[in-house]
Structures are given as structure tokens and as C-alpha cells.
There are 2 protein chains.
Amino acid sequence: MRITAVIMAGGKGERFWPRSRTHLPKQFLSLTADRETMIQKTVGRLKGIAEPEDIFIVTNKMYADLVSEQLPFIPKENVLLEPCGRNTAPCIALAAAVIEKKYGEETIMLVLPSDHLIRYEEMYADTLRQAVAVAESGQRLVTIGITPAYPETGYGYIQFGRDSDLGMHGVYKVKRFVEKPDIDTAKEYLASRKYLWNSGMFVWKTGTILENMEKFMPEVYSTACNIAEHFGQEDFEAVLSEKYENMPSESVDFGIMEKADEIYTIPGSFGWDDVGNWLAVERINSTNDLGNYVEGDVITIGTEHSTICGGKRLIAAVGIENIIVVDTDDAILICAKDHTQDVKKVIENLKICNRAALL
Amino acid sequence: MRITAVIMAGGKGERFWPRSRTHLPKQFLSLTADRETMIQKTVGRLKGIAEPEDIFIVTNKMYADLVSEQLPFIPKENVLLEPCGRNTAPCIALAAAVIEKKYGEETIMLVLPSDHLIRYEEMYADTLRQAVAVAESGQRLVTIGITPAYPETGYGYIQFGRDSDLGMHGVYKVKRFVEKPDIDTAKEYLASRKYLWNSGMFVWKTGTILENMEKFMPEVYSTACNIAEHFGQEDFEAVLSEKYENMPSESVDFGIMEKADEIYTIPGSFGWDDVGNWLAVERINSTNDLGNYVEGDVITIGTEHSTICGGKRLIAAVGIENIIVVDTDDAILICAKDHTQDVKKVIENLKICNRAALL
């Protein structure tokens, strides 16, 4: 069965300000020493799983040039340009309808975020292959779960049954999807050993997801099919641009996964990181003896456990601890590690002050 | 009696890196919100005391242009250009010899550092006038002392006798000058109430200081007189440039004040600040409700007791406390307040790495 991949790349990634901007969100940034961008890594990990001509990118119109610059080998028609963000359900419905039109309903679809990081790529590939096997075996929705390491309140969770009725090793039946919990609930989930983190990675056949879309999100389904009718034609972009706005903004988790049956999960143990904010940079790179991650022209004196991302200027860090410094041509962020969630307040302020050039 | 002033402006001021540089030391920087530079303030404070044509600047050759830019009203011949730094004794000897040549030995000389700050300028002027009166009344060396506020180990101290034999109110006889003490000694000095800080401001007649120079530093004296012979002549700069290097490097405190008799001190209570490092900036400016001093384009979120001096870029400070941030075109300093003494280590590193452009 043909394996296609849909990379969801429409996110704004405000939490990596000042490196990420409206015109350059996180998925198009390099946050690792190897200088590859997040989306390049995401696509690179599919080597041996999906061919470049079978990789589809759904992103905002604004990022069309970034996609063609960073992923020049992806066919232009595979880049689906949203006129506006409508969360994951419309994005997935559109991609599924397009892929079904191109390859038929018996086509595997890997649905992947564009801005996560995977440490153990071989294990990741093995997990995807196993998910493909489950998806191929019937009208099944497969989601990749992540074994929780701590009671995170920023992710959705998946409750799983300990035994799968499929008889396949390492595959579990999903009992339910739950949204981001409060801290006490997250602690219960962790203690119960019956929950996984929802990584937002899904595997299914186009026919399976579209059937579920028709059932649970009929409006999204029909709009997606209407748009996909024009795929490969000259007016596709115009039709997409016109009709996509009418889609409701909804996540696939809420719109489909919380309602559908026959959902399976495969717990991934491949070193997943959602790279949620600047704190992640020291996790996904290596730190020195003093616990610092440093890039660019940086002098540190008596500085520990800090992340310093230099730009074109020298940064001299003297006596600081647990601080994140990010320099760019027009803005510098200096942020205490325990205040990374407040970077969005800087962005709010810039919006209020109409300082679009800095957003 | 004519009152002249000698502003000593040869210092390097490395502690204000990255704003201060080899080609732009602290005395030529503005560190206050009014945008006046330290040396402009120093000269400005002499209004009503010394006329511009009677103000002399001793500085390094390198800073000749800075002096003429910042103090265009000072006659060019009053700017004495050292080919190299030789501490305060040769600098003062030269200025004294030049002024004596121009105006005779019965001329008052105020000797003032160029990079200190005075909060109460009227009281300062009154103190100087009183010092002038003492200096005029005989062959007396007068120094302005500062009532210590805490056991500072970075200043020299002046031990004074409680009663002056002059019978002038507020004037005390100096028992001895002492160099920078260790912390225990500084605490003893403070507790004894018999010591003042040595501010490095002196008042005397040219004849008085030159007499003492001849007695205690005959070599410095004769070189200074030899150079001053040429003052007002075409070859003055060349002679100064050639002979000044032969001077020994010595402070007036060690070379004269610790040895001479007839020294008096007037305790100043005019809000003196030596503006010794970046910590001073919040003292000499006003801080906001959160204890921050901020200049330039700065957004603060959850930031307290910090000093943030912006340059051309936006600085976003999130969740930081007790941090000093200084941005310039080619370097940014981020320094914990309790590590300001380590800024010099940055400079050492830059020297070792031959990064002259940043020094």
C-alpha cells in the first residue's frame, strides 16, 4: 500500500520569539547545532518510509516561499496553501481528500507535526512502520503515544487499554482522548500508568479518516471534498483560497479522535520532544560542563545553566544563572528560565503597540 | 586670586564596557538621562567658579578630538595631551607648571577628576569656594574629603584631626593619607569616625604644589618645568610628546600627599559618586516602582531591580532580577549585579583573543 505523509506546517510558534516571527515560525527555524530546520528534519526522518513525491505539506499561504526554499524536492502541487489557519481537522480533511483523489482510498497517510524533534530516528521509523501495519489491517485510526516522563499540563493525553484485540505486540486500544489536564489530574494520569501523551502524530488510510470525517464532521468533509475535486487543475489554489475560510476551526482530536471507534495507539520511545519553548534548546542540544548551551560569539564568565543564542554581535554573560538570551538583528530576549511562558506577553505588548516589524 | 581648574581626563574606564571603549572612555560617555557626558558635567559644575579660558584639560593624545567635540569652548592650548598615562603626579605637575608659566605662582588650581558625579552642585560649589579660601591663605594643600557611608575598600582614606589650627569652620588638618584598605581596616576607619574618603579633588596655589613637587619629586618637577617652558610655542606639543614619557608613573597621593605637611581637608557633603561601575547607573538616575532603571527601547515583564541600557534594538527582559544589560552595536553585556567586578575579565579575554575592535 502506498505510504504518503502529510506535514502540518501552519503553526505560528510565537514561543520562539525573537527568532520566530510571523513571517518565520518555528518549523522553519533551525534550533539545533546542525543548522537543519525543524521541517527539514521532519521530512528527512521519512527517508525510507515515504518518497518525496508522496510527501504533502499543509501550511499557510504566507509560508509558500519558505517551503519551496527549504524543501525544494517536494513537488509544488503537494504544497497545500491555507488562506488562514483552521486548526488540524480541516487541514487533515483537505489533505486526505486530495490524497484520495490522487491515489485512492487505500492509501496510507502519516499525519505529522512539522516542529517536533525526535532523538532516536531509527526507533521512530520502526514505530511508524508498525503503525502503518495496523492502519493497513482495517478501518483503523492509529495514533502515536508518548510515555509520560512527568505530569505535563500542556499536552493532551490518551487513555489506553492494556491489551489490544489486534494481537499485535506493542499496540494498544485507545479508550479515550482527553484534553490538557490540570496539574492534579496530570499527576493522577501519570500515577495510573494508563495514559500516554498525545503527540499529534496519526496514521490511517485516506478512506478511513474520510469515512470518520463524513460521520463526525460532515461539513468539513464536504468542503474538503469540494476543494479536492479541483486538485491538479489550474483553479485549485483559487478554490482552496475561497472555500477554506468557511471551514470551522477545530482540532482533529476533538472533532474525530474523541468520538471515533477503532482507535489504536503505539507508545513511542524514540526521544520525542515537542520543542515547546526556549527551554527545549538546551535539551535538544548538548550543554557544556557548566550546564550552558552557547551558540555564536559568546563570552561567559561565572555563568551557569544558561542558554545563549548569539546573533551578529558579541554577547558577554557575566555571573548569570538560569537565563536564556537570544539575540537577533532587531531584538534581544533576556528571559529567566522559569518565566519562558511570559515571552507571549512580550508579543502581546508588541501587538498592542502596533510594532508589526518585531512580530 | 585667579582660579584655574585642571580636569584630569586620561582614564580608560574599562568598567563601563561595552559602552566605554579604548577610544571612548567613561569621562566622555553620558551615563545619565540628561545626555550630558561626565566631562561636560564636570566642566559645567565650574560655572561661576572658573572661567572657560582658565579650565585646563589633561588627557591622552587619543582623546584630543573628543575633548574639542564635547568642550568646544575650552581654548585649544589649554588641552594638554599626554603621549601616555603616567598617573596623577606628572599630570598635575605639568598642569601646575603650565599654569604658573601663564599666570604666575599665585594662582589657584582646582584639580578635579573628570568622571565623578555630584548630586548637590550648589553645595559642591560652596565647598570648592571654601577650599579656595584655605588655599589662598597660605602655602597649603587642600583636599576634598567625603564622609564615608560604608566600609569601601576601593578608595583611599584621609585621617583628619578634629580641630584645624586655621580657625575656619569645617576645615580639618590632615594627619595622613592611607591607601585602599582591606575590609577589616575599612570597618575600623568607619567606626573610628576619624577618616574620610579621598575623592581625588585638590585645591592649592600653583606655587604651593610646585614647591612640594620640587621637594618630594624633583625629577617630575624639573621635567614638568622643562616642558612648560615651551607652553604657547609652536614646539610645545612635540616637546610634551617627547619628554612626558620619561616621567615616572606615580600618584599625587603617594608622591606628595603622603609626605607633605600643611594639608587640610574639607569634608564634602554634596552627594559625591565616583560612578565606579555599572551598578552606579541606577544610583545616579532614578529607578521606577519595580526598582528598574531603563533607557532605550525596552519591554520588561516580571523584571525587577535591573538596569537595562538599550541601544538600537528592542530589549525584552522577562522574569529577570538584579541584572545589568547594556546593548551596543557590536556587543551586549548581561551581568549579574553582584558580578560587576568581573566585567574586566571580559576585557582581559578580548585582549588575549586580540579582538581590538571590541576593546
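These legends describe close-up views of a predicted model with chains A and B.

**View 1. The two chains are related by a two-fold axis.** Chain B superposes on chain A by a rotation of 180° with 0.0 Å of shift along the axis, at an RMSD of 0.1 Å (least squares on the C-alpha atoms of residues with pLDDT of at least 70 in both copies). This is the relation of a two-fold axis. Within chain B, Ile334(B) has the C-alpha nearest the axis, at 4.2 Å.

**View 2. Chain A and chain B meet through the same surface.** Of the interface residues of chain B, 100% are also interface residues in chain A, so the copies use the same surface. Each side is counted by contact (heavy atoms within 4.5 Å): 33 residues come from chain B and 33 residues from chain A. About 2,600 Å² is buried between the chains, and carbon and sulfur atoms give 71% of that area (accessible area, 1.4 Å probe, that the two parts lose on being put together, summed over both). Val318(B), Ile332(B) and Ile334(B) supply 25% of the area that chain B buries against chain A, more than any other three residues.

**View 3. Polar pairs and salt bridges cross the interface between chain B and chain A.** There are two salt bridges between the chains (a side-chain nitrogen of Lys or Arg within 4 Å of a carboxyl oxygen of Asp or Glu). Asp297(B) forms a salt bridge with Arg355(A), with the closest N and O atoms 2.5 Å apart. Polar contacts join 14 residue pairs across the interface, both residues at pLDDT 80 or more (N or O atoms within 3.5 Å, one able to donate a hydrogen and the other to accept it; residues adjacent in sequence count only if both atoms are side-chain atoms). On the side of chain B that touches chain A, S17(B) gives the most, with six residues.

**View 4. Helix H11 of chain A has its buried residues on one face.** Helices (H or I, at least four residues) and strands (E, at least two) are DSSP runs, numbered from the N terminus. In H11(A), residues 343-352, the buried residues are Val343(A), Val346(A), Ile347(A) and Leu350(A) (under 20% relative accessible area, 1.4 Å probe, protein chains only). They fall within an arc of 95° seen down the helix axis, so they line one face (directions from the axis to the C-beta atoms). Their cover includes strand S17 (331-336) of chain A, together with strands S13 (298-301) and S15 (314-318) of chain B. Asn354(A), which follows H11(A), has a positive phi, near 55°.

**Notes.** Residues are numbered from 1 along each chain as its sequence is written, and chains are lettered from A in the order in which they are written. Local features need pLDDT of at least 70 and side-chain atom pairs 80 or more, while totals for chains, interfaces and linings use all residues; side-chain values use heavy atoms, without hydrogens and water.

Notes: Buried < 20%, exposed > 50% of the residue type's maximum accessible area, 1.4 Å probe, protein only.
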